[in-house]
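Hi everyone, thanks for making time this morning. I'd like to walk you through a structure, starting with its charged pairs and then turning to a helix and a surface patch.

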Amino acid sequence: MAFNVKTEAFEGPFDLLLYLVSRKRVDIGAISINEIADQYLAEVSRMQMLDLDVASDFLLVASTLLEIKAQSLIPREHDGLDEEIAELSTEDAREMLIGRLVTYKQYKNASDALYRRYLDEGRLHVRPFGPDPSFLGLMPDFLAGVTIDALGMLAANAMARREIFLLESEHIAAKPIPVEVHVRAIHARIRDKKSLSFSQLVAGDTRPALVVVTFLAILELYKRQMVRLEQASQFGDIEIRYIEGSGNLTFDEEDE
């Protein structure tokens, strides 16, 4: 509050008075409303322009103090006023003043917040919805050439589409590769080519089962002295050469 008062019990602005009264450091009965009113009228006479905030602050405090003091001066038995107000003690009057001053301060703060918001909102300018007219024709027409019948056919095809069915095959056992058949096949190739490498026999197929059965097949031919095996380096490729005159390849029942 910009208006300052000066009495025997209090000297200072409105905010300081509110603080002291809320802490019960100022006795309401010691505040001279007449003296405060005279000081305010003298201040108004010196004003070039009336400040409504100062005037409202003063009227609130002065009217509250005047009401409390009036209730304390009128006899309580025949005053005809509300019993709750008429029977106020000094402490109750102090509490009433505090409550009204706090309520006023809350409304004043809310009013200041709304005013600041009003000023901020006044700086905003609403943009009309939608693009500028010059850009209206740039967006392609995504529904061009679409008919109800075509849309119905697409929907029917989508609804009739079956989900992909995955058949689990983990339970199916792999068919073993017979070594006898592989030995016969490699022997026929080696007899025609005379010389082959192990990498040529597997032909890039690195399945473990095929590599193992191929290796077993050339060992079987080596055991029968039908081929020679050479390996130039460790983990190198194995060269397989056919031995001329090694005879025909036959299997008895025990070999099978």
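**Salt bridges, a helix and a patch**

Let's begin with E230 and R241, whose side chains meet in a salt bridge, 3.0 Å from N to O. This pair links distant parts of the chain: E230 sits in strand β4 (residues 227-231) and R241 in strand β5 (residues 238-242), 11 residues apart. Please keep in mind that this is a predicted model.

How exposed are the two partners? E230 is partly exposed, with a relative accessible area of 45%, and R241 is partly exposed as well, at 34%.

How many salt bridges does the structure hold? There are six. Let me show you another one, E220 with K223, where the closest N and O atoms are 3.4 Å apart. These two residues are three apart in helix α9 (residues 208-223), so about one helical turn separates them. As a reminder, an α-helix has 3.6 residues a turn, so residues three or four places apart point the same way.

Now, is E220 buried or exposed? E220 counts as buried, because its relative accessibility is 18% and the cut-off for buried is under 20%. Its partner K223, on the other hand, is exposed, with a relative accessible area of 59%. The pair also belongs to a network of salt bridges that links E220, K223 and R224.

One more pair for you: the side chains of D120 and R123 form a salt bridge, at 3.0 Å from N to O. D120 counts as partly exposed, at 45% relative accessibility, while R123 is exposed, with a relative accessible area of 59%.

D120 brings us to helix α5, which covers residues 90-122. Does the length add up? With 33 residues at 1.5 Å a residue, α5 should span 48 Å, and its end C-alpha atoms are 48 Å apart, which agrees. Which residues of α5 are buried? Among them are A93, R94, M96 and L97, and further along you'll find I98, L101 and Y104 buried too. Do notice R94 there, an arginine in the buried set.

Last stop, the surface. V179, V212, F215, L216 and L219 make a nonpolar patch of about 390 Å². Which element gives the largest share of that patch? That would be α9, with four residues. One of the patch residues, L216, lies in helix α9 and is partly exposed, with a relative accessible area of 41%.

That's my tour; I'm happy to go back to any of these spots.

How values were computed
Residues are numbered from 1 along each chain as its sequence is written. This is a predicted model: local features need pLDDT of at least 70, side-chain atom pairs count only at pLDDT 80 or more; totals for chains, interfaces and linings use all residues. Side-chain values use heavy atoms; hydrogens and water are left out. The expected span of a helix is 1.5 Å times one less than its number of residues. Buried means under 20% relative accessible area, exposed over 50%, partly exposed in between (1.4 Å probe, protein chains only). A salt bridge is a side-chain nitrogen of Lys or Arg within 4 Å of a carboxyl oxygen of Asp or Glu. Patches are made of residues with over 30% relative accessible area and no salt bridge: like charges are joined within 9 Å, nonpolar side chains (Val, Leu, Ile, Met, Phe, Trp, Tyr) within 5 Å. Accessible areas come from the Shrake-Rupley method with a 1.4 Å probe; for residues, only the protein chains shown count as cover.
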